[in-house]
Every structure is written in C-alpha cells, then in structure tokens.
Amino acid sequence: MATTKKRELDLKDFPPGTVTEFTTLVCLACIFDIFTRQLGLAPRTAFSEIKRHTPTTEELTSRSATRPYFDTDDKHPHCPYCGSTKRWLARFDTYCIEGGKTTDAARRTLIKTLPKVGDQFVVVEKKSDSRAVLFEWLDTLGVNLDLTEESWLLDATRNYLSRREPKTNWEEVFQEIRAVRRSSRLTEGSERDGIRLFLAPDLYGEAILIQYLVSRSHTHGGLTLEGRLTLMDLIRRLRYIGYLDRIGITERDPGEVFEKLIDHLAATRDWSRVTTPGTKEVSTGSGSDRAGRAKKSSKKATKKSSTSEKSRTPALPEPDEIMTEPVKLYYLIDRRDFLEKSKSVYASYA
Ligand SMILES: [Zn+2]
C-alpha cells in the first residue's frame, strides 16, 4: 500500500528550477521513545501526538539531521540511532517551491489536487532573502559536488553559468569541455575552443568566487581554477582582472570587500530561479535526494533583469543598487508515508 511510485507529485507545470526536493527519514521507534520516555506520555497519547507531528522546515531540509530524523543513501536503511529497520522508518518528502509569478498558479493548482483529509500534506510559508537564497544555493551545490574529484571545478562553473546565462544549454556545452580559462580577449560572454571554454573576465571572476565560496569551508582557503586561494589571494585576482572596479568595489579591507562581493553576487544574479531548461544540478547519483535537485525559479526575473543587464555591461558600477530582496518560499510537506507507517506501527503495538 505504501508504494513510493504513486507518491511522486506532478511538478511538470513548474518552470525548471523552481522546486527543490528534500527527503528525510524519521525513525518511529525513536520518535515513540522520545514521546514516551522523554516527554512521559502514555503510548496511546504518544501515538496520537506523533500523528499530529510535523517536523520543522529546518529539520526537513537541514543536512545535519538529528534524532529521530536522518538522511541516508542506503537502499535498506537502518536508523542510525537505534538500528530499527524499514517498517519503523517513514519518510517525509518536502518540496520547497519558490513563490512568484511563474509558480503561483501552478502551486495553487497543485495544492488543490492534493488530498485534504488528515493533514496528509502541510504547507509552510517562509520568507527568505536573496543573500540567504545564494547561500542555500552554494550549500546545496557544495553538498552535491565531490570536492575530492578535480572535475568539481568544472561542475561548479557549469552550475554557476547556468544561473548566470540561463539561455545557454551548459549541460551540453560542458560535455566536451575539459578546461575553463579566463579570456584575455572577450569583454563579455564566453567562447569555446575545442575542449576549452574561455570566459570573459567578469564571468571568470565570479566563477572562481563561487568555487572559493563552495570549497572554503572544506579545507583551508578555497580551491578554484586558479589553485588554492586565501581570501587575500582571491581579492587580489579579482582586482587584477578588473572585476572589483567594474562592480564598483573600492574598499581595501578584505572583510569589507568580501561582504560587498557577496551582496553583489546575491543581489544581481538570480540564484533561486533561472536555470537552463533541462539542466539538472550536479547529482550525487544515489537514493537520497536531499537537496539533490536544487532547482528553483523565477519571480523577479523580469524585475531584476535591469540590474543584471547593467552589471553585465562593464563600467557601470552599481554599489548602491545592492539590496536584499525578500523571496517567499512554500514548503509543501508530504506526510502520507509518515501517517501510514505510524498507523501500522501503532497497530502492531496495540
Ligand atoms: Zn531509531
């Protein structure tokens, strides 16, 4: 009865990149234990409380899940806390839908089609802002890249370009690409030469900035196409290639420069939405798709385009245009498996 197939929601009406999916397992043995032992509820009460329980969006989407939640790639998962097997494990599927013009209608329609009884689905609304969305994107990207494989630099670049230049099918371009270089000739855009891809300095600068941001917590400094860089090194490169000047960053203090870089990146690109049609983000290729598909999309695509167009044109510094824009996120939580499993577990108890 609890097959996974029929559970898939139909998301085809959402533009590519507008929905991020998360899967989290919950151990019913652990949750039962928490409700009875730690909270001191009688078993019967515990089960009726558990049925009403919905994890927070943080619990559903965070990568460092804590008891009774966990995340696994295993086909035959065990609870990491108590060792319980399949029948005790329920899954929550969470769909994070970016609010906005391109998704509002599809979201409303989808929600209308969902069963209403018994809180099988719960929708939680949250405000985010562009900086938070950028970091979420970076975070997801980092998790899905294997930083021990050198090819991650290309994957990170491809993911960045998909955000930056969504009209190009970068997936296809990168099938042949083995190296990415800074072009000394181009002032904008990119150019392919055999297995090499040349990027205009601004694109290249942002690509290495992204690489730095993704890898800096991984090890000391950050790994980029330019090798391992400290923040000072990175700033020096970005200044050297003229990127800092072009986006109007005149500060000298590395901390301030860094903050401005982040703000600029967050406010002038669409980290939450635009993505190449048909592009899938780097996937870990295994069962657990927690954040495996980071795709979101487009609300202020039009509103923001004036900003991004400008920033694409060199010599138009825009330090004052940097802003943090609120973005509304809708977390659609599928509780069906959880409800069914709790019921059957309780039945076996009673
Ligand atoms: Zn457990």
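Modeller: A helix here is a DSSP run of H or I with at least four residues, and a strand is an E run of at least two, numbered from the N terminus. By that count the chain has 13 helices and eleven strands. Please keep in mind that this is a predicted model.

Biologist: Happy to. What makes the site of the zinc ion tetrahedral?

Modeller: The angles do. Four donors count as tetrahedral if all angles lie between 85 and 135 degrees. Here the angles among the four donor atoms are 105 to 114°, so the site earns the name.

Biologist: How do you know which atoms are the donors of the zinc ion?

Modeller: By distance: an S atom within 2.8 Å of the metal is a donor. The SG atoms of C27, C30, C79 and C82 sit at 2.2 to 2.3 Å, so they qualify. Their spacing in sequence is C-x2-C-x48-C-x2-C. C27 belongs to strand β1 (residues 19-27) and C79 to the loop between β2 (69-70) and β3 (89-98), so this pair ties together parts that are 52 residues apart in sequence.

Biologist: Why are C27 and C79 called buried?

Modeller: Buried means under 20% relative accessible area. C27 has 0% and C79 has 3%, so both fall under that limit.

Biologist: Let's turn to the aromatic rings. Why is the pair of F32 and F47 called stacked?

Modeller: Ring centres must lie within 6.5 Å to pair, and planes under 30 degrees apart count as stacked. F32 and F47 are 4.6 Å apart, centre to centre, with 25° between the planes, so the label fits. F32 lies in helix α1 (residues 28-38) and F47 in helix α2 (residues 43-52), so the pair ties together parts 15 residues apart in sequence. Both residues are buried, and together with Y346 they form one aromatic cluster. The whole structure holds six aromatic pairs.

Biologist: What makes α1 mostly covered?

Modeller: Nine of the eleven residues in α1 are buried, including L28, C30, F32 and F35. Just after α1, G40 takes a positive phi of about 70°.

Biologist: And how do you know that R107 lies over the face of Y330?

Modeller: One part of the test is that CZ of Arg is within 6 Å of the ring centre. R107 is at 3.5 Å from the ring centre of Y330, so the distance limit is met.

Biologist: D119 caught my eye. Why does D119 count as partly exposed?

Modeller: Its relative accessibility is 47%. Buried ends at 20% and exposed starts over 50%, so a value in between is partly exposed. D119 is in the loop between α4 (101-113) and β4 (121-129), and its phi is positive, about 50°, although it is not a glycine. Most residues other than glycine have a negative phi, and most peptide bonds are trans. A cis peptide bond appears between R67 and P68, with omega about 5°.

Biologist: Finally, which residues touch the most other members of the largest nonpolar core?

Modeller: F174, L197, I210 and L261, out of 50 residues in that core. Helix α8 (residues 201-215) supplies the largest share, nine residues. Apart from this core lies another of 24 residues, among them L25, V26, I50 and F338.

Conventions. Residues are numbered from 1 along each chain as its sequence is written. This is a predicted model: local features need pLDDT of at least 70, side-chain atom pairs count only at pLDDT 80 or more; totals for chains, interfaces and linings use all residues. Side-chain values use heavy atoms; hydrogens and water are left out. A nonpolar core is a set of buried Ala, Val, Leu, Ile, Met, Phe, Trp, Tyr and Cys residues joined through side-chain atoms within 4.5 Å. Buried means under 20% relative accessible area, exposed over 50%, partly exposed in between (1.4 Å probe, protein chains only). Donors are N, O and S atoms within 2.8 Å of the metal (3.2 Å for Na, K and Ca); water is not among the atoms, so sites may look incomplete. Four donors count as tetrahedral if all angles lie between 85 and 135 degrees; four count as square planar and six as octahedral if opposite donors are over 155 degrees apart and all others between 65 and 115; anything else is irregular. Rings of Phe, Tyr and Trp (its six-membered ring) pair if their centres lie within 6.5 Å; planes under 30 degrees apart count as stacked, over 60 as edge-to-face and the rest as tilted. A charge sits over a ring if NZ of Lys or CZ of Arg is within 6 Å of the ring centre and within 35 degrees of the ring normal.
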